[in-house]
Amino acid sequence: MNRSIYLQLRKAALFSIIFVVLVFLTDAVYISLIFPKSGLIAQIQEYEKVKYNISVLILGDSHPNQGIDRSYFPEAFVFAIEGGKYAEIYYILRAELENNEQISFLALQIDPHSIDGKKPQPNFYPVRYWKNYLSWQELKVETQKSIPRLYLEYLFAFLGNARDVINLLSNYALIEPNRYSKFSEDPLRESTAQKRVESSITNDAIEKKDILPLLQMVEFAKQKKLAVVLIKYPLSPEYLMALNKKQFNSSKYYQFINKSLQEYGDVYTYDFQRSYNSSYFSDSDHLNYEGAELFSNSLRKAFLEQEIS
């Protein structure tokens, strides 16, 4: 064999080996260091530790995460999913409750931004994690990807997840939001609330397909003999005013949801949306520590009145 060809083949083989080793090392680093630190997976790991010691499951996004003081609910676990994507929450709920008979009560968030047919759909990343909850066929339907592509992402979990690396590195630089602040002291609070509404809500025109994951959760909970309530979390007066300016029809929105839920029997609603003034919020729609304590006390009383504990 020509020596130059031999050297080229040797270099190509060496390059291929180095490339494969780097791919597997990158995947190992992602799985061991980054994958466990993503918010959702960290919560799953925490839930696994306590799931047989709780009877109440509270699901939602940053509103329950920041608005609920856990000390008021020792029998509950608050599952806060970024963006409150009900499709993702449903599959987690389905799997976690399948063999857990300790849970007797389910609380779901139902705020103006919770259901919106124009919002980006859940991405179900990383596949290696979501494969614990969905079949290959379900993943194919939800992600609109071929099974071979999904399997490749399953083998190499870091593919398509550069954002997780960025988020992890950003955590070292980001300062936790000041939950002791008072939104009432923000001189620009009305415009701040308006921007928040514009960025999180498109309109009130929702269809049955948009709330299908919510209906699936309620149906599944009822099959498991769980009591179900919907919680409207507190919103600042400025946020509510911004909703009106946007001509968001709250009555139409909630009437459609309630009508769709009628076939599932008793599903109660706790409405705290207009309960607190701006001094109890850290921003337009998140309670500060003082507000969270007041809200948690009120929610606790509501639970006890319905004999939920």
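**Group meeting: a walk through the model**

Let's start with one residue: Phe-77 is buried, at 11% relative accessible area. Buried here means under 20% relative accessible area, exposed means over 50%, and partly exposed is in between, using a 1.4 Å probe and protein chains only. Before I go on, this is a predicted model, where local features need pLDDT of at least 70 and side-chain atom pairs count only at pLDDT 80 or more, while totals for chains, interfaces and linings use all residues. Residues are numbered from 1 along each chain as its sequence is written, and side-chain values use heavy atoms, with hydrogens and water left out.

Okay, the overview. The chain has 13 helices and five strands; these are DSSP runs numbered from the N terminus, with helices being H or I of at least four residues and strands being E of at least two. Of the 309 residues, 45% are buried. If you take contacts between residues at least 6 apart in sequence, 79% of them join residues at least 24 apart, where contact means heavy atoms within 4.5 Å.

Now back to the rings. How do you describe a pair of aromatic rings? You give the distance of the centres and the angle of the planes. Rings of Phe, Tyr and Trp (its six-membered ring) pair if their centres lie within 6.5 Å; planes under 30 degrees apart are stacked, over 60 edge-to-face, and the rest tilted. Searching the whole structure turns up 17 aromatic pairs. In one of them, the ring centres of Phe-77 and Phe-79 are 5.4 Å apart with planes at 75 degrees, so that pair is edge-to-face. Phe-79 is buried too, at 2% relative accessibility. Tyr-276 and Tyr-280 also make an edge-to-face pair, with 6.0 Å between centres and 65 degrees between planes. Tyr-276 is buried as well, at 12%. And there's a cluster: ring pairs link Phe-73, Phe-105, Tyr-270 and Phe-303.

Next up, helix α12, residues 250-261. Its twelve residues reach 17 Å from first C-alpha to last, close to the 16 Å expected, the expected span being 1.5 Å times one less than the number of residues. Which residues of α12 are buried? They are Tyr-253, Tyr-254, Ile-257, Ser-260 and Leu-261. Looking down the axis, those buried residues fall within an arc of 125 degrees, so they line one face of the helix; the arc is taken from the directions from the helix axis to the C-beta atoms. That buried set packs against α10 (212-223) and β4 (227-232). Over on the other side of α12, Gln-255 and Lys-259 are exposed.

Tyr-254 has some company: Lys-232 lies over the face of its ring, 3.8 Å from the ring centre. For a charge to sit over a ring, NZ of Lys or CZ of Arg has to be within 6 Å of the ring centre and within 35 degrees of the ring normal.

Last stop, a couple of single residues. Tyr-268 is in strand β5, residues 268-271, and is partly exposed at 40%. Leaving out residues up to four places away in sequence, Tyr-268 touches Val-228, Val-229, Leu-230 and Gln-306. Its C-alpha is 8.6 Å from that of Ile-231, which is 37 residues apart along the chain.

Then there's Ser-279, in the loop between β5 and α13 (289-305). Is Ser-279 buried or exposed? At 18% relative accessibility, Ser-279 counts as buried. With the same sequence neighbours left out, Ser-279 touches Lys-182, Ser-184 and Asn-288.
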